[in-house]
Structures are given as C-alpha cells and as structure tokens.
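User: I'd like to walk through this model with you, one short question at a time. Can we start with a helix and work outwards?

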Amino acid sequence: MKTRAAVAFEAGKPLEVIEVDLEGPRAGEVLVEVMATGICHTDAFTLSGDDPEGAFPAILGHEGAGIVREIGPGVTSLKPGDHVIPLYTPECRECNFCLNPKTNLCGAIRETQGRGVMPDGSSRFSLDGKPILHYMGCSTFSNFTVLPEIALAKVRDDAPFDKICYIGCGVTTGIGAVVYRAKVEAGSNVVVFGLGGIGLNVIQGARMVGASKIIGVDLNPDKRELAAKFGMTDFINPAEVDNVVEAILDLTGGGADYSFECIGNVNVMRQALECCHKGWGESYIIGVAGAGQEISTRPFQLVTGRSWHGVAFGGARGRTDVPTIVDWYMDGKINIDDLITHTMPLAEINKGFDLMHGGESIRSVVIY
Ligand code: NAD
Ligand code: DAO
Ligand code: ZN
C-alpha cells in the first residue's frame with residue numbers, strides 16, 4: 001500500500017512529507033493506522049546526526065497512538081479495530097530480561113530494532129524500490145506503520161489519540177520512573193532537575209504517590225508556574241543560588257530521599273546524586289547525555305549510602321503497564337492536556353521541531 005510519511009533523508013535536514021510504499025504485515029506483525037504522534041527530543045537528537053545509532057533514510061517518530069488495521073499470521077493478542085500504543089521498549093514476556101522482575105528492557109528484538117529493520121532483518125517501508133529504515137521499532141511519523149505484535153500495548157477505545165500518544169514516551173518515562181522504578185513512598189522529599197516534557201511528568205508522578213516536598217530545579221524561570229500546577233512545592237533556579245546542592249540540603253533538612261535528572265547534563269547528574277540524603281538517598285538518571293560523555297563523583301558519596309541509578313521508559317513494561325496509565329488519564333489522576341501545547345497536521349511537522357528547539361513547546365502533537 002501507499003502511505004504518507006515524513007521522511008528523514010539526511011541528518012540535519014528538515015523532514016520531507018511524501019508518499020512511500022508500505023508492505024503489509026508478515027508473521028507476528030501488525031499494520032497500524034497512526035492517528036496521532038508526539039514529537040520528542042529523541043527524534044530531534046537522531047535527526048541532528050548526533051545519535052550514534054541514527055541511520056538514514058528513516059521514518060522517525062516513537063510516541064504514537066492508533067488503530068490496528070491488519071494482522072499477520074500467528075498474531076493472537078490483537079485484532080483489527082483494536083486501539084494501540086506503539087512501544088519502543090517492547091514486552092515479549094519470554095526473554096531472559098522479561099522473565100527478570102528487575103528490568104523492563106526486553107531483549108527479543110533489540111538488535112534488529114537498533115538497525116532500523118523488522119525482526120526478520122528487512123524493512124516494510126520503501127521508495128522507488130529502495131528501503132527506508134524504521135525507527136525505534138515504531139516510525140509513527142508515517143500515517144500507517146508495521147510493528148511486531150510484542151511492541152504494541154492494547155488500550156481502551158474511548159481514550160483520545162491526540163492525548164494518549166504522549167503515553168508512548170514522555171508521560172510513561174516520567175511517571176513510571178517514580179512509580180515503577182524508584183517506587184517513591186508517600187511523604188518522601190523529591191527533587192526534579194529539568195522541568196520539560198519529562199520532568200513535569202516526574203513531578204505529577206511524585207504528587208500522585210503522595211510525596212510531601214517536590215522541589216523543581218530549572219534555569220528557565222518560566223517553567224515555575226506550570227510545574228507548580230503539576231505538584232511542585234518549591235522551585236530553585238540554579239542561576240539564583242550560590243550552590244544548588246547546598247540549597248537543596250537546606251530545603252530538605254539534610255537531602256532528598258529521591259532525585260531525578262531529566263536534562264541529559266552530566267554536571268547536573270552529579271548535583272542530583274550529591275543532593276541526596278546521606279544513608280538512603282537515591283538518584284535516578286533519566287536524561288540522555290551526548291555521545292561519549294561521562295559522569296563522576298567522589299566514591300565516598302556512595303560509600304555513605306547514596307545510590308545512583310538510571311531508568312528507561314520509566315521502568316514500565318509496556319503491554320502490561322501502559323493500559324493502566326491510560327486508565328489513570330481517563331480517571332483524571334494525571335494531567336496530559338496541559339502538557340500538549342501545540343497540535344499540527346503532518347504537513348507542518350517541521351514546525352513542531354522548530355517549536356521544540358525554540359523552547360516554546362512542552363509537547364507538539366501531529367494529528368493525522
Ligand atoms: P526538555 O528540553 O523539554 O527539558 C529540559 C529542561 O531542563 C528545560 O526546561 C531546561 O530549561 C532545563 N535545563 C537545561 N539545562 C539545565 C541546567 N543546567 N540546570 C537546570 N535546568 C536545566 O527535555 P525533555 O523532553 O523533558 O527530555 C529530558 C531528557 O530526557 C532528554 O535528555 C531526553 O533525551 C531524555 N529522555 C529519556 C528517556 C528515558 O527513557 N530515559 C525517555 C525520553 C526522553
Ligand atoms: O535495551 O539496550 C536496550 C535499549 C533500550 C532503549 C531505551 C531507550 C531509553 C532512552 C532513549 C530515549 C527514548 C525516547
Ligand atoms: Zn522480552
């Protein structure tokens with residue numbers, strides 16, 4: 001079939017919205033009509049050429065929601081008409097990662113997904129007979145896409161696509177880090193570095209579990225108002241204090257129970273560890289640092305009971321946990337609407353990237 005898609009032909013160039021060829025689903029695969037997709041920093045990172053795994057031409061996009069239109073042989077858990085959210089972190093429920101309760105990183109299709117192809121090693125997208133690569137196993141910047149069955153979460157069919165697409169990455173990454181990975185207890189002190197599309201979701205996750213103090217740290221004072229609406233109780237602008245770590249130790253009476261780095265800055269990662277309470281404070285790295293960068297601290301920080309962790313996709317097991325997060329949204333337990341600051345048709349997708357680079361949007365969503 002033909003489908004309209006925004007194709008990344010080259011690093012550093014705008015996407016081109018054109019018609020491409022899409023082969024139907026093979027065994028274990030599913031054809032999905034994408035109804036809406038968010039535009040995330042990771043798409044921009046790959047498009048910039050800085051992503052060591054980035055390859056071109058490719059159809060980017062990994063934060064979508066849509067409807068199953070056709071299933072390939074052997075697919076048993078989905079049928080045409082089902083509403084789904086694509087998962088860049090799949091859940092096969094059989095590999096040694098999925099069988100270990102300590103992780104949400106499924107290993108079943110990791111190698112081919114990283115190369116931009118389906119599990120059988122080939123691409124379903126092409127133009128003039130030449131393959132176009134998939135991206136993060138999702139390629140939601142195409143109106144129709146093909147995914148493995150294990151990379152789709154089936155969700156309720158009364159949830160709006162233009163909001164729940166954000167659960168495909170940002171919402172789950174932030175809220176999940178609090179709920180599934182750190183398992184923050186009610187009454188905890190939480191510090192969130194970076195109040196963007198991820199950090200604001202960490203904040204609302206912390207509020208949801210009943211954290212008592214939720215401190216937001218951001219260089220941009222304009223983030224204060226929105227973060228307060230999502231549950232932030234205190235704000236620190238690093239440019240206005242002598243020492244961020246000291247300021248947090250003072251505010252918390254000794255340090256954070258939990259901290260989350262949501263920027264991708266290795267210097268801030270160190271601050272996030274060192275603002276933790278001696279004896280028990282836990283720091284979680286969510287931000288993705290540039291290729292080749294390294295973190296450092298004095299080992300005595302760890303000897304004295306602080307611990308350093310990282311988390312991908314909020315520690316969520318997509319097929320199991322994503323439907324629950326959709327329920328939280330539909331039940332009014334979490335706010336997505338106020339984070340979606342801009343919407344646009346596919347033809348204007350490059351505008352969404354410009355808004356992100358200009359710091360003007362939290363999330364732009366393309367509605368097909
Ligand atoms: P964003 O740009 O919307 O937000 C970053 C915020 O950090 C901005 O508000 C900015 O003002 C602030 N900031 C920048 N430098 C700062 C500093 N030195 N001190 C304090 N504040 C500072 O980004 P986002 O979409 O929220 O993404 C955050 C990070 O999370 C990115 O690195 C992204 O790649 C990563 N990410 C990780 C996962 C995962 O699973 N681990 C998933 C999605 C995104
Ligand atoms: O299993 O080795 C692996 C890779 C898992 C991918 C997790 C990616 C998380 C961070 C990237 C940002 C996502 C938008
Ligand atoms: Zn698995």
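User: Which residues of helix 8 (residues 266–274) are buried?

Analyst: Keep in mind that this is a predicted model. A residue is called buried here if 20 or more other C-beta atoms lie within 10 Å of its own. For helix 8, the residues that are buried are Val-268, Met-269, Gln-271, Ala-272, Leu-273 and Glu-274.

User: What do the buried residues of helix 8 pack against?

Analyst: The partners include both helices and strands. Helix 7 (244–252) and helix 9 (300–303) are among them. The strands are strand 10 (189–193), strand 13 (258–261), strand 14 (282–285) and strand 15 (307–310).

User: How is the protein chain divided into domains, and how far apart are the C-alpha centres of domain 1 and domain 2?

Analyst: Domain 1 is made of two pieces, 2–168 + 336–367, while domain 2 covers 171–313. The distance between their C-alpha centres is 29 Å.

User: How many residues of domain 1 are in contact with domain 2, and what classes are on that side?

Analyst: Twelve residues of domain 1 are in contact with ten residues of domain 2. Sorted by class, the side of domain 1 that touches domain 2 comes out as seven nonpolar, two polar and three charged residues.

User: Where does ligand 2 lie with respect to the domains, and why?

Analyst: Its shell holds Cys-40, Thr-42, Thr-89, Leu-105, Arg-110, Cys-169, Val-288, Ala-312 and Phe-313. By class that gives six nonpolar, two polar and one charged residues. Because domain 1 (2–168 + 336–367) and domain 2 (171–313) both give residues to this shell, ligand 2 lies between them.

User: Phe-313 is in that shell; what is odd about its backbone, and is it buried or exposed?

Analyst: Phe-313 is in the loop between strand 15 and helix 10 (318–330). Its phi is positive, about 50°, although Phe-313 is not a glycine. Since Phe-313 has 23 C-beta neighbours inside 10 Å, it counts as buried.

User: Which non-glycine residue has a positive phi in the loop between strand 7 (130–132) and strand 8 (144–148)?

Analyst: The residue in that loop has a phi of about 50°. With 25 C-beta neighbours inside 10 Å, it also counts as buried. The loop between strand 7 and strand 8 is the place of Met-136.

User: What surrounds ligand 1, and which residues are closest?

Analyst: There are 28 residues around ligand 1. They divide into 15 nonpolar, eleven polar and two charged. The closest are Gly-194, Gly-196, Gly-197, Ile-198 and Gly-264.

User: Which peptide bond is cis, with omega near -5°?

Analyst: Look in the loop between helix 1 (41–48) and strand 4 (63–71), where Pro-57 is found. The cis bond runs into that proline, from Phe-56 to Pro-57.

User: Which residue of strand 6 (residues 125–127) is the bridge partner of Leu-22?

Analyst: Strand 1 (residues 2–7) and strand 2 (residues 16–22) run antiparallel and are joined by six bridges, with Val-7 opposite Glu-16. Strand 2 also pairs with strand 6 in the antiparallel sense, over two bridges. In strand 6, the partner of Leu-22 is Phe-125.

User: What does the UniProt record say about residues 12–366, and how much of that stretch is helix and strand?

Analyst: The entry, which is unreviewed, annotates residues 12–366 as "domain: Enoyl reductase (ER)". The end C-alpha atoms of that stretch are 20 Å apart. Its make-up is 26% helix and 23% strand.

How values were computed
Residues are numbered from 1 along each chain as its sequence is written. Chains are lettered from A and ligands numbered from 1 in the order in which they are written. This is a predicted model: local features need pLDDT of at least 70, side-chain atom pairs count only at pLDDT 80 or more; totals for chains, interfaces and linings use all residues. A residue is near a molecule or strand if its C-beta atom, placed from the backbone, lies within 6 Å of it. Ala, Val, Leu, Ile, Met, Phe, Trp, Tyr, Cys and Pro count as nonpolar, Asp, Glu, Lys and Arg as charged, and the others, Gly among them, as polar. Domain bounds come from an automatic or database domain assignment. Two residues are in contact if their C-beta atoms, placed from the backbone, lie within 7 Å. A residue is buried if 20 or more other C-beta atoms lie within 10 Å of its own, exposed if 12 or fewer, and partly exposed in between; C-beta atoms are placed from the backbone. Helices (H or I, at least four residues) and strands (E, at least two) are DSSP runs, numbered from the N terminus. UniProt positions are given in the numbering used here, feature names are shortened, and annotations may be inferred rather than shown by experiment. Two strands pair if DSSP finds at least two bridges between them.
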